[in-house]
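User: I am new to this structure and would like a close look at a single part of it, followed outward to whatever surrounds that part. Please take it slowly and explain the terms as you go.

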Amino acid sequence: MISIVVISKDEPALDGTLAEVSAHAAALPGGAEVVVVDASAGRLDHVRRAHPGVRWIDWSPPPGVAVSIPHQRNAGVAAARGDVIVFTDAGCRPAEGWLERLVAPLLSGEEAVAAGVATSPDGDGLYDSRTLAAAEAAVHLPECPTINMAFRRAAFDDVGGFDERFQYGSDIDFSWRLVEAGHRIRSVPRAVVTHDWGSPTRQLRRGYRYGRARARLYRKHRRRLPRALRGDPMVFVYPLFLLGLPLTLRWRAYPLLLLVPAWRNRADGPLRVVADHLAFGLGVLREAWRR
């Protein structure tokens, strides 16, 4: 059996996601179950009633836990009946052929982990072009989020599931540990879901949270730091730039250094990309200062 697990708290967009995901599950040869791990404390009961075919798990976070994403993911896998687990997020809308394409490498026995692509509905998201290009260029990915991911239960068990010490970034930590355990993440660029990433303000908040999460990731995976200098330079470049802002008092041209990344990202909206990167760098600094 294949189990599609969706975690949710207070996302009304879950309704549309379940309608389309359930249709994909029903169309798959052999079918698939849909499981929701809901932490809304009854606030989404109207969505629950609208989808009687979905297995619904009412879930309460442990005491003192504000962000329960990895806890819910572990609970979803524990409740799932399938050997193949598929994750997507509330608010995602799968494109035609999504589920069949995503699980094909697992059902054929070629791989134990696969990841599709998530883009904005209009294809004009902050990193849409970069995400698609990376997915199409690679047979296997070095990491992936869980917004569009499938894996065999045995792979999940190999790494002990999601690390519940993380608020954000538990999906990247999970994928890093899968790769370190010898599992390859098969890229499936034609398995697409769309997701509304929200307003520019929401994206800035997301960039800040991702920066904090990235700092935590490298604190846990210290052996990756030397490679990060070349493969993940944002973790260093933008925090250092922010630390150097007082230099503007002496060298007024210092902020013009941002013209370099603005030019490089001109196709994706240079101002919004640079703003997102600065929020990311601020998150890295905040996490480093907290420690």
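Analyst: The buried residues of α3 pack against β1, β2, β4, β8 (148-152), α6 (153-159) and α7, where contact means heavy atoms within 4.5 Å, and where helices (H or I, at least four residues) and strands (E, at least two) are DSSP runs, numbered from the N terminus. This is a predicted model, in which local features need pLDDT of at least 70 and side-chain atom pairs count only at pLDDT 80 or more, while totals for chains, interfaces and linings use all residues. Residues are numbered from 1 along each chain as its sequence is written, and side-chain values use heavy atoms, with hydrogens and water left out.

Helix α3 covers residues 69-79, and its buried residues are P70, H71, Q72, R73, N74, G76 and V77; buried means under 20% relative accessible area, exposed over 50%, and partly exposed in between, with a 1.4 Å probe and protein chains only.

Among the partners of α3 are the strands β1, β2 and β4, and each of β1 (2-8), β2 (33-38) and β4 (84-89) also gives two or more residues to the largest nonpolar core, as do α1 (14-27), α4 (98-107), β6 (113-119) and β9 (185-194). A nonpolar core is a set of buried Ala, Val, Leu, Ile, Met, Phe, Trp, Tyr and Cys residues joined through side-chain atoms within 4.5 Å. This core has 30 residues, and those with the most contacts inside it are I4, L14, L18, W56, V86, W98 and V103; its largest share, 5 residues, comes from α4. Leaving aside neighbours within four places in sequence, I4 is in contact with V21, A25, A32, E33, V34, V35, V86, W98 and L99. A second, separate core of 24 residues includes V35, V37, F87 and F156.

Strand β6 holds T119, which is buried at a relative accessible area of 8%. Not counting residues up to four places away in sequence, T119 touches D128, L132, V192, V193, T194, H195 and W197. By contrast, A41, in the loop between β2 and α2 (45-50), counts as exposed at 69% relative accessibility, and A41 has a positive phi of about 55° although it is not a glycine.

Another partner of α3 is α7, and α7 (residues 170-180) in turn packs with helix α8 (residues 200-220) at an angle of about 30°, with their axes 10 Å apart. Such axes are lines fitted to C-alpha atoms, for helices over the stretch in contact, and angles run from 0 to 180 degrees between N-to-C directions. That makes α7 roughly parallel to α8, since angles under 35 degrees count as roughly parallel, over 145 as roughly antiparallel, 65 to 115 as roughly perpendicular and the rest as oblique. In this pair, I172, D173, W176 and R177 of α7 meet R214, L217, Y218 and K220 of α8. By class, the contact of α7 with α8 has 4 nonpolar, no polar and 4 charged residues; here Ala, Val, Leu, Ile, Met, Phe, Trp, Tyr, Cys and Pro count as nonpolar, Asp, Glu, Lys and Arg as charged, and the others, Gly among them, as polar.

Helix α8 also packs with helix α12 (residues 270-290), at an angle of about 45° and with their axes 7 Å apart, which makes α8 oblique to α12. By class, the contact of α8 with α12 has 10 nonpolar, 4 polar and 8 charged residues.
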